[in-house]
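Hi,

Here is the structure I promised to pass on. Have a look at it first, and then read my notes below.

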Number of protein chains: 2
Amino acid sequence: MAATGRARGPGTDHEDLVSVTAAARVDARRLWLRHEAMARHGATAAGGVNRQALSVQEAQAWQLLIGWGRELGLMPATDAVGNLFLRWPGRDPLAAPVLTGSHLDSQPTGGRFDGVYGVLAGLEAVQALQEAAHVPARPIDIVAWMNEEGSRFAPGMMGSSVFSGARGLQEVLAVTDADGVAVAEALADHAAAFADLPCWPLQRPVHAYLEAHIEQGPLLEREGLSVGIVTGIQGKRTFSVTVAGQEAHAGTTPSSQRQDALLAAVRIISGLVAWCHDPQDLVRFTVGRLDVLPNAPSVVPASVRFSIDLRHPDSQRLCHLGDGILAVCEAQAGPCRVTVTELSNAQSLEFPASIRQLLSACANDLQISHMDILSAAGHDARYLHEVCPTGMIFVPCKGGVSHNEAESATASDLAAGARVLTQALVALTR
Amino acid sequence: MAATGRARGPGTDHEDLVSVTAAARVDARRLWLRHEAMARHGATAAGGVNRQALSVQEAQAWQLLIGWGRELGLMPATDAVGNLFLRWPGRDPLAAPVLTGSHLDSQPTGGRFDGVYGVLAGLEAVQALQEAAHVPARPIDIVAWMNEEGSRFAPGMMGSSVFSGARGLQEVLAVTDADGVAVAEALADHAAAFADLPCWPLQRPVHAYLEAHIEQGPLLEREGLSVGIVTGIQGKRTFSVTVAGQEAHAGTTPSSQRQDALLAAVRIISGLVAWCHDPQDLVRFTVGRLDVLPNAPSVVPASVRFSIDLRHPDSQRLCHLGDGILAVCEAQAGPCRVTVTELSNAQSLEFPASIRQLLSACANDLQISHMDILSAAGHDARYLHEVCPTGMIFVPCKGGVSHNEAESATASDLAAGARVLTQALVALTR
């Protein structure tokens with residue numbers, strides 16, 4: 001799928017020249033130093049980042065980003081759900097903007113690139129366009145979406161889902177963190193620190209959305225390529241399974257008289273592994289959480305609750321696999337009772353061909369090695385896809401490691417992704 | 001195995017008459033009312049008992065028991081590990097005593113009979129013997145062992161194991177509860193409240209030990225019998241298994257590249273269930289505790305730790321099954337690393353034939369229906385067995401339920417067990 005040859009770009013020869021010139025202005029060192037500066041806010045001892053949504057550390061990251069934006073003449077703004085925008089107005093400030101960005105929040109033991117890269121690549125692209133004297137026909141907004149990770153407030157992608165209208169603002173404001181602090185409360189504190197910013201409406205028209213991100217998987221590194229043109233985001237269904245048995249004395253109760261919830265859960269999970277077996281290795285089946293009650297060594301477990309995270313790029317296959325879970329659970333429950341609750345069901349999605357072709361053509365023009373790639377993880381682009389033409393650009397991360405303090409990427413790959421983004425922004429704003 | 005016919009008792013016709021007369025003095029109502037009075041100390045809303053070792057509630061239970069003992073002229077005493085004795089001196093106060101009793105501490109949501117019955121049956125037997133004008137040739141000590149349950153301070157059977165010399169006093173004094181309180185500290189507070197009691201030496205000679213207890217299993221009830229003559233205590237080995245894998249993103253990491261600690265644990269437990277399969281249903285295999293890290297729905301588990309509680313009446317079989325655990329774990333671990341640590345190894349034990357025959361003959365003389373029965377649970381008698389001829393008498397409990405607030409037994413079964421105990425005490429102290 002790698003394509004390094006030169007193909008027709010998205011415009012006239014003159015316009016190609018402008019955009020290639022702009023892309024050449026992308027400064028790998030400047031982009032890298034901004035990652036280093038941003039990583040100081042929430043820095044962990046192991047070299048990673050802990051920058052939770054709406055935390056003091058995220059507010060510091062906002063201040064830093066707003067400062068860089070002001071140096072480039074960009075106008076900062078926010079909205080009711082705590083997204084941050086830096087606007088470059090262009091020739092027609094009333095036209096629907098092109099948005100590009102990602103998020104600044106991280107996992108508790110997160111890395112320096114997940115999310116941050118998409119925001120800083122957008123800033124680098126705007127600076128490169130300014131240096132190349134490109135004047136966009138419509139506004140370009142660099143965006144940092146609120147709470148993509150969902151580690152402080154679950155579920156994540158709050159800012160993008162409310163912005164796009166998929167979730168209601170009030171529903172999201174009521175969510176609380178582990179300390180009982182509601183989003184509404186944390187957001188009020190955060191907004192007070194940025195009271196000088198205008199508050200823009202939710203669900204305003206968007207011309208297009210581009211998001212640059214580290215791959216969080218091993219494929220680009222393995223293929224030795226700098227950029228992935230994301231074809232879509234694989235679907236994901238999540239379930240909670242509860243197995244109810246009966247507490248009993250581990251010494252006195254014969255096996256034949258037990259209702260052992262843990263052994264039933266073990267049979268069920270074995271059955272689900274077999275059900276989800278896939279020689280193509282495309283199915284992602286994970287039991288990440290499992291809790292036993294009363295969880296005492298000499299007591300036969302009374303109940304077990306566990307999570308299922310099931311993903312597949314093909315929506316039909318995902319539907320089939322997910323719909324079969326209950327039957328497997330019931331077949332393996334033995335003397336126990338089992339209940340299955342579906343918590344979420346996000347279909348697989350495919351980004352529009354127009355955006356994918358544009359990004360491929362830009363990479364070809366820049367002679368940047370690339371391949372088509374499916375996103376196995378979710379991103380804010382999932383929600384923007386519902387309201388405007390949307391695409392994503394991946395760059396490799398070392399060993400495919402992400403959501404981890406060891407997360408790593410090279411300055412040259414980060415710059416390559418920013419160059420493709422820069423050239424695509426020319427095409428979308430000419 | 002039920003035997004209700006009359007057989008030769010353990011003495012002359014005259015002595016038989018004395019002991020049968022004494023056994024007839026056992027008062028089912030008095031015994032029941034003492035259980036009710038004792039259950040007030042640590043009573044729970046659901047009708048059970050929460051009376052932890054060395055707690056205020058256990059001290060209240062001591063006061064009550066000591067008061068009953070003084071009414072019968074018994075002399076209270078304690079020792080360095082906090083066991084309580086009520087001595088009936090008999091004709092030769094310097095002779096090695098017969099001990100009978102059990103424990104007054106309970107599980108956090110325990111019942112009214114587990115442990116308490118053995119102590120109160122001893123008291124009832126002594127009172128019946130006094131009323132029948134029996135004068136024992138050697139002392140009879142009613143004993144309440146410290147911390148049998150091991151729920152506040154783990155492991156349990158502290159009093160009996162230190163008394164018998166199996167564990168060292170200093171080792172036990174250093175154990176702390178969940179609040180960080182050491183046994184030494186709790187014991188000092190407790191002893192201060194009973195400063196008037198003499199403190200007897202540990203590891204003093206004992207002529208014999210008898211312990212009455214509820215069965216904590218379903219067999220006597222199912223057979224419709226009042227008494228079980230305990231043949232022995234089944235062996236128990238406990239292990240801790242740790243499975244180490246690698247944390248990974250549930251969306252991006254292909255199955256073939258995962259080191260999923262939970263799926264490895266599931267395979268291992270399935271393998272262990274197969275390894276311990278027993279058509280005779282004598283093996284007791286329990287995974288009661290299992291903990292996952294980081295235990296997050298969208299993260300492939302990095303590690304799992306689980307407990308194994310393995311019991312079997314036959315020591316050779318228990319040895320074979322336990323020794324095979326590591327190989328099963330390693331065979332099923334796949335890409336993960338597994339370590340197995342043995343925490344305890346208590347061999348199966350068989351009480352001496354002399355005591356079992358004595359107890360059977362007593363039940364026969366009293367025309368009390370009985371059967372031989374193996375104890376599936378551990379008891380203080382395990383440790384006394386190491387230092388003197390030891391035996392146990394079981395009575396039925398409703399549905400086999402124990403370690404539970406719903407624990408229940410009938411006044412007539414409790415009295416039947418106390419009658420067998422009374423008659424056996426005559427034989428052991430004549």
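The crossing of α2(B) and α4(B) is right-handed, the term for a near helix turned clockwise from the far one by less than a right angle (anticlockwise would be left-handed). The two elements are α2, residues 28-38, and α4, residues 116-131, both in chain B, and they pack at about 135 degrees with 10 Å between their axes. Axes here are lines fitted to C-alpha atoms over the stretch in contact, and angles run from 0 to 180 degrees between N-to-C directions. That makes α2(B) and α4(B) oblique to each other; the other labels are roughly parallel (under 35 degrees), roughly antiparallel (over 145) and roughly perpendicular (65 to 115), with the rest oblique. On the α2(B) side the contact uses R30(B), L31(B), R34(B), H35(B) and M38(B), and α4(B) brings V116(B), L120(B) and E124(B). "Contact" means C-beta atoms, placed from the backbone, within 7 Å. By class that gives 4 nonpolar, 1 polar and 3 charged residues, where Ala, Val, Leu, Ile, Met, Phe, Trp, Tyr, Cys and Pro are nonpolar, Asp, Glu, Lys and Arg charged, and the others, Gly among them, polar.

Before going further, bear in mind that this is a predicted model: local features need pLDDT of at least 70 and side-chain atom pairs pLDDT 80 or more, while totals for chains, interfaces and linings use all residues. Residues are numbered from 1 along each chain as its sequence is written, and chains are lettered from A and ligands numbered from 1 in the order in which they are written. Helices (H or I, at least four residues) and strands (E, at least two) are DSSP runs numbered from the N terminus.

Now the two chains. The contact takes 40 residues from chain B and 41 from chain A. On the chain B side, α9(B) gives the largest share, 6 residues, and the side as a whole divides into 17 nonpolar, 17 polar and 6 charged. The copies meet through the same surface, because 100% of the interface residues of chain B are also interface residues in chain A.

A turn of 179 degrees and a shift of 0.3 Å along the axis lay chain B on chain A with an RMSD of 0.2 Å, superposed by least squares on C-alpha atoms with pLDDT of at least 70 in both. The two copies are thus related as by a two-fold rotation axis. In chain B, V266(B) has the C-alpha nearest that axis, 2.8 Å away.

Cheers

Key: Two residues are in contact if their C-beta atoms, placed from the backbone, lie within 7 Å.
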